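Morning, everyone. Please have the sequence and the 3D view open. I'll keep this short.

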Amino acid sequence: MTQALSPPSMLGGLRERVTEPTLQRRGVASVLVAFLVIWAVLLGYLYVQAQRIETNAPGLDRFSEDFSEALAPIADIGQAQAVMAATSQWLNARRQAEGRFPGVRLFELLDNQGRRVWASPALHDTVLPDAPRTLVAVEVGGIAHNVYEARSGRWTLRVVEPLRTDAAFLAYNGRSLLPYLVLALPIVLGAVWLSVRNGLTPLQQVARTIAQRAPDDLTPLAVHVRHRELKPLVKAIDHLLARLKQKVDRERFFVQDAAHEIRTPMAVITTQAHVLAHATDAQVREEGLQHLNHAVGRASHLAQQLLLLASLDEGQRPALQRGGVAQAVRQWLAPMADAAMARGIELELEAPDALLASVDLPGLGSIVDNLVDNAIRYGRTNGRVVVHLLDEGERLTLLVRDDGPGIPAAEQARVFERFWRGNGHIDVAGSGLGLSIVQQAARGMGGNAALIAGLDDRGVGFLVSVPNADFRAG
């Protein structure tokens, strides 16, 4: 049964729909702004042209000369006065009807003796200056005017034109341009609206394809797009889906492998706990306790490695700390000396006496711990492990090499895989996560980890290179 929407809900939905930004409204707004700019540019162009024309007044010049020549054949003063009065009335009536120019055009007619024959009423108390074929500024009734004088035969004609203010010019021409723009606006807006709507249709089809997919479907979109602008978008989405699928698969495998790896020590703990609970022989109980402690230690180490690897997988950029890197490496190696001595391994460090840098010290510490721990665990008895720290300016480089049995060439491609352990080291306790942690920590610091040759043409080595933030800042 369909539930009717209440008026407030309908108004809220309508308000949201109206106020929500859309590309179509954005295109229409852009056109409106463009029209305003066009209107302003045209108005500015007309203003500049009018200023140039007003400076020279070619229209006033031509009108005055033509009117003067028309008066030349008239010899009778009364007839001349009638022509002046009729012409003045007709011209100013047209002027007011057009509304293009302000005020009224004034006239003065002189005979060849310089006596005033006829003048516009507004010039009754005004004495105009001589202005033979030049513009002369004069003030009539508190308003600035230009005077142009033309002579022909027995008559001298003076035409007095009021100057338009900038405000009057802009107001008139602004109004005159608007009808043309208003007439063109719907046509342009309609074209823009249709073009935007048609342009968004393929994008909406891609959106519908994505919306119809199952939540766990991370396969490529497999959408054929013909438009060049949409191809990078679909390609980027497919690339993102591929990365998400890799991440989901990696996490699924990670959980499966972690469950598998932790099952072994838990089984040992369960078995030895049963032995301790039922054994009566002290020797059996002692051996069971040793096995239990070993299994607990292995499970604890595995849990720590899993937590560390999970934190590195979050992809957050680590906080940089400025400190003595060489001194920190010495401190990290000190607790490992006992394990190295227990196997007769000579642990060496080659590093500068002092090396200050801004790096992720905890991340670098996990790299040193895991690489050196692996070298001690899997190196040969009475062998050597050499740690080399280099300051290479824009990068810090750490090398850890041993002279142990090494890694077969066929297995070297898998050394950074999670839970992978070489076939020759099954009897050595470990989680198979150490090198994965090294690689993830190095990547999180913007660096990289690589497999290299060991010592004296034997064994194995690892090189880790990370950026030196101090060098970039400098």
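I'll go through one sheet and the helices that lie on it. A reminder before we start: this is a predicted model.

Start with the sheet. It is open and has five strands. Read across, the order is β7-β9-β10-β12-β11. The pairing is mixed. For background, strands in a sheet pair through backbone hydrogen bonds, parallel or antiparallel.

Which strands stand at the edges? They are β7, residues 346-350, and β11, residues 448-453. Each has a single partner strand, so one side of each is left without a neighbour in the sheet. From one strand to the next, the twist averages 15 degrees.

Now look at β7. Its pairing with β9, residues 384-391, is parallel and runs over five bridges. Find glutamate 350. Opposite it, in β9, stands histidine 388.

Next, the helices. Take α10, residues 361-378. It lies across four strands: β7, β9, β10 and β12. Here β10 is 395-402 and β12 is 460-467. Against β10, helix α10 runs at about 15 degrees.

Then α11, residues 434-444. This helix lies across β11 and β12. Its angle to β11 is about 130 degrees.

Is α11 mostly covered or mostly uncovered? Mostly covered: nine of its eleven residues are buried. Among them are Leu435, Ile437 and Val438. Gly434, Ser436, Gln439 and Gln440 are buried too. So are Ala441 and Ala442.

One last stop. After α11 comes glycine 446. Its phi is positive, near 80 degrees.

That's the tour. Questions, please.

Terms used. Residues are numbered from 1 along each chain as its sequence is written. This is a predicted model: local features need pLDDT of at least 70, side-chain atom pairs count only at pLDDT 80 or more; totals for chains, interfaces and linings use all residues. Side-chain values use heavy atoms; hydrogens and water are left out. Two strands pair if DSSP finds at least two bridges between them. Helices (H or I, at least four residues) and strands (E, at least two) are DSSP runs, numbered from the N terminus. Axes are lines fitted to C-alpha atoms, for helices over the stretch in contact, and angles run from 0 to 180 degrees between N-to-C directions. Contact means heavy atoms within 4.5 Å. Buried means under 20% relative accessible area, exposed over 50%, partly exposed in between (1.4 Å probe, protein chains only).
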